[in-house]
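Biologist: Could you take me through the charged side-chain pairs in this one, slowly, and then show me whatever else ties in? I'm new to this, so plain language please.

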Amino acid sequence: MSVPVLTFFNNKGGVGKTSLVYHLAWMFSSLGRRVVIADLDPQANLTAAFLDDEGVHEIWENPDKNATIHQCLSPLLTGVGDINQPKLLEIDRHLHLLPGDMALSGLEDELSENWPKSMDDKNLYRPMRILSSFWQVVQKAAEEAKAEVILADIGPNLGAINRSVLLATDYVVIPLGADLFSLQGLKNLGPTLNEWRRSWQKRLGNWNDSEEKNSHPDFQLPKGGMQPIGYLCQQYSVRLSRPVKAYDKWVQRIPETYRQVILNKLAESENIKQQEDPFCLATIKHYRSLVPMGQEHRKPIFKLTPADGAIGSHAGAVQDARKDFEDLAKRIYKEIQDRESQPAASETSAAKAA
């Protein structure tokens, strides 16, 4: 049985996605959940949050370590072997990292070329192996770490790399900012997820009907469910140059847009407020004064101590952050568990969304 993959995705950048994944991974670990965190963004910003420059350099300069997903996939993509077993970095007792790699960007063309090949009448195994390779690696990683959930971070685009990651994804959380660009990103994302889901189902059907399937009885493929479990909205800040209502205008359009483009249904009411929307998992505060402090000490903001400089009002903000992320982690995990316990309902929901 595969381990559920949760991906945080919006094709609009600058919404705090990487920081969110970083903090949720730590919180899941703090709650005793065994987590594999996969940095699948070629920019590798999430890896940089966990490791210093020397640590990252050591990994990248030693490709035989199989520490990054690119190093694991290299034999398959070059045709000299198959997927390597990943060697994870233990960040904490319950938290393991599959580091990112800037070399990952070189896989874009290979993944694009194999997308149409996976619908041919024959020679399907290699294209399907390549397109599902992200899923194969993260599942190997989860097995090694005995993980309960895999958190994936990807870049803000709709390219072939992200498509393959989303094929490996069971559940999607969409981070949004309080602006027009996040709203537009949401409008772009909905149809894309639906199309990728439909296209992958066709490929799964094509593979299941092929003669090659009998030659590879142990070859498993991801379902490509990409079930949306909600969105997160950044708390907008008050700026002298723009009134609060300028941000609120875009925020209050999110509930209806989310229902239309992600869930493919009309809003239940014309007056759904973002603050009251059950699909809004949380409103993420800025915690501006704590973020640079956490980055300096390479720890999540809710683990900062007086020795790190978290004194006075900062100490109170640390406790607030802990409660906020704990509530969010518990809510997300419950959503996953509820859906995992009802596979038939989940598959029906995904089919309707497609």
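Modeller: Let's start with Arg198, which counts as partly exposed because its relative accessibility is 34%. Keep in mind that this is a predicted model. The side chain of Arg198 meets that of Glu195 in a salt bridge, with 3.2 Å from N to O. Glu195 is partly exposed as well, at 38% relative accessibility. Where do the two sit? Both are in helix 9 (residues 180-208), and they are three residues apart, so about one helical turn separates them. As for the general idea, side chains of opposite charge can pair when their charged atoms come close.

Now hop over to helix 13 (residues 313-340), which holds both Asp327 and Lys323. These two are four residues apart, again about one turn of the helix. Their side chains also meet in a salt bridge, and here the N to O distance is 2.8 Å. Asp327 is partly exposed, with a relative accessible area of 40%, while Lys323 counts as exposed at 51%. Why do those two get separate labels? The cut-off for exposed is over 50%, so 51% makes Lys323 exposed, whereas 40% leaves Asp327 at partly exposed.

Next comes a pair that joins two helices. Arg126 forms a salt bridge with Glu110, and their closest N and O atoms are 3.9 Å apart. Arg126 lies in helix 6 (residues 125-131) and Glu110 in helix 5 (residues 108-117), so this pair ties together parts that are 16 residues apart in sequence. Does 3.9 Å make the cut, or miss it? The limit is within 4 Å, so the pair counts. Arg126 is partly exposed, at 35% relative accessible area, and Glu110 is partly exposed too, at 22%. If you search the whole structure, you find twelve salt bridges, and the pairs we've just visited are among them.

So much for charges; let's look at some covered spots. Take strand 5 (residues 149-153): five of its five residues are buried. Which way do they point? Val149, Leu151 and Asp153 point one way from strand 5, and Ile150 and Ala152 point the other way, with all of them buried. That fits a general pattern: in a regular strand the side chains alternate between the two faces of the sheet.

Strand 5 has partners too. Strand 1 (residues 5-8) pairs with strand 5 in the parallel sense, over four bridges. One place to find that contact is Val5, whose bridge partner in strand 5 is Ile150. Strand 2 (residues 35-39) also runs parallel to strand 5, and five bridges join them. Here you can look for Ile37, whose bridge partner in strand 5 is Leu151.

Last stop: the cysteines. How many disulfides are there? The count comes to zero. In general, a disulfide is a covalent bond between the sulfur atoms of two cysteines. For Cys233, the closest cysteine sulfur is in Cys280, 6.0 Å away, and that is too far for a bond. The cut-off is within 2.5 Å, so 6.0 Å rules the pair out. Seen from the other end, Cys280 is in no disulfide either, and its nearest cysteine sulfur is that of Cys233. Are these cysteines buried or exposed? Cys233 is buried, with a relative accessible area of 1%, and Cys280 is buried too, at 7%.

Methods. Residues numbered from 1 in each chain as written. Predicted model: local features only at pLDDT ≥ 70, side-chain atom pairs only at ≥ 80, totals over all residues. Heavy atoms only, no water. Buried < 20%, exposed > 50% of the residue type's maximum accessible area, 1.4 Å probe, protein only. Pairing = 2+ DSSP bridges.
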